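Trainee: I would like to learn how the terms used for a structure are justified. May we take them one at a time?

Mentor: Certainly; let us look at the structure together.

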Amino acid sequence: MDLTNVTTATDSASSSAAPAVPEDATAPLTLALIVASDREGRFAPVVTDWFRSRLAEREDFTVTVVDLAEIDLPTSLSYDPSPAVRAELAKVTPVLEAADGYVVITPEYNHSFPAALKNLIDRHYTEWQAKPVGFVSYGGISGGLRAVEQLRQVYAEMHAVTIRDTVSFHNAHGLFDEDGQHKDPAAAEGAAKALLDQLGWWGRALKDAKSVRPYGA
């Protein structure tokens, strides 16, 4: 028996049976960056600008910012929103729907996350499904991690996948200078890279899976 020919034939058959690579396999993922704080005098812009500088160095994401300080949604929910509420939702719902994944930048208020963020989450459902969510948190001694742990439970109910690694700023005000630059950025930059690498993997995997079989909640 000619083993060379047998091997070649097998390799050829395996090659011909290999699945085709999707045309958009290398296209950047669409990322919605959600700024959760709407508090007057908030520290969120400093953290947001720093994280956006990390994203600017990557080619695997295109980013749209959803700043909840710029969205005026009442806390009362309704199945039939008024025209004014529909107009506000029109600013954000299409962004969430189009996103392949999310990063939430959140402070910690009294061991939890801002009400504006819960309001945004509760007003949407299918938009979150089978998509990855990463977290960048900041606060005092806990660095916002208690807010993140609560958000993991909320997003699990939305059928989202939360990323294990986070970026967390403990005693955040002391970490940045007056120009918004991180004083000792090496550890934070490493954490941001790990978060975005994992987010990219999950975003691509879930997007590819949904292209083959729609997600059923």
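Mentor: The largest cavity has a volume of about 30 Å³. Please keep in mind that this is a predicted model.

Trainee: What makes this space a cavity, and which residues line the largest cavity?

Mentor: The word cavity is used because a 1.4 Å probe fits there but cannot get out. The lining of the largest cavity consists of Leu29, Thr30, Leu31, Phe61, Asp100, Gly101, Pro132, Leu199 and Gly203. Strand β1 (29-35) and helix α6 (186-212) each supply at least two of these residues, and the largest share, three residues, comes from β1.

Trainee: How many residues of this lining are nonpolar, polar and charged?

Mentor: Five are nonpolar, three are polar and one is charged. Glycine counts as polar in this scheme, so Gly101 and Gly203 belong to the polar group.

Trainee: How much space lies in the largest pocket, and what makes it a pocket rather than a cavity?

Mentor: About 240 Å³ of space lies in the largest pocket. A pocket is an open set of points, whereas a probe cannot get out of a cavity. Among the residues that line the largest pocket are Leu77, Tyr79, Asp122, Arg123 and Glu127. By class, its lining has five nonpolar, three polar and three charged residues.

Trainee: Which residues line the second largest pocket?

Mentor: They include Arg39, Phe43, Tyr109 and Tyr138. This pocket holds about 180 Å³ of space.

Trainee: What places the charged end of arginine 39 over the ring of tyrosine 109?

Mentor: The charged end of arginine 39 is 3.9 Å from the centre of that ring. The distance limit is 6 Å, and the charge must also be within 35 degrees of the ring normal. Arginine 54 sits in the same manner over the ring of tryptophan 50, with its charged end 5.8 Å from the centre.

Trainee: Let us turn to the rings. How many aromatic pairs are there?

Mentor: The count comes to eight aromatic pairs. One of them joins tyrosine 102 and tryptophan 128, with 4.8 Å centre to centre and 65° between the planes.

Trainee: Why is the pair of tyrosine 102 and tryptophan 128 called edge-to-face?

Mentor: Its centres lie within 6.5 Å and its planes are over 60 degrees apart, so the pair is edge-to-face. The pair links distant parts of the chain, for tyrosine 102 is in strand β3 (residues 101-107) and tryptophan 128 is in the loop between α4 (115-122) and β4 (132-139), 26 residues apart. Both residues are buried.

Trainee: What makes tryptophan 201 and tryptophan 202 an edge-to-face pair?

Mentor: Their centres are 5.1 Å apart and their planes are at 85°, so both conditions are met.

Trainee: How do you know whether tryptophan 201 and tryptophan 202 are exposed or partly exposed?

Mentor: Tryptophan 201 has a relative accessible area of 56%, over the 50% limit, so it is exposed. Tryptophan 202 has 34%, which falls between 20% and 50%, so it is partly exposed.

Trainee: Why is alanine 130 called buried?

Mentor: Its relative accessibility is 5%, under the 20% limit, so alanine 130 counts as buried. Alanine 130 lies in the loop between α4 and β4 and has a positive phi of about 55° although it is not a glycine.

Terms used:
Residues are numbered from 1 along each chain as its sequence is written. This is a predicted model: local features need pLDDT of at least 70, side-chain atom pairs count only at pLDDT 80 or more; totals for chains, interfaces and linings use all residues. Side-chain values use heavy atoms; hydrogens and water are left out. Rings of Phe, Tyr and Trp (its six-membered ring) pair if their centres lie within 6.5 Å; planes under 30 degrees apart count as stacked, over 60 as edge-to-face and the rest as tilted. Helices (H or I, at least four residues) and strands (E, at least two) are DSSP runs, numbered from the N terminus. Buried means under 20% relative accessible area, exposed over 50%, partly exposed in between (1.4 Å probe, protein chains only). On a 1 Å grid over the protein atoms alone, a cavity is a set of points where a 1.4 Å probe fits but cannot get out, and a pocket is an open set with protein on both sides within 12 Å along at least five of seven lines; lining residues have an atom within 4 Å of a point. Grid points are joined across faces, edges and corners, and a volume is the space filled by probe spheres set on the points.
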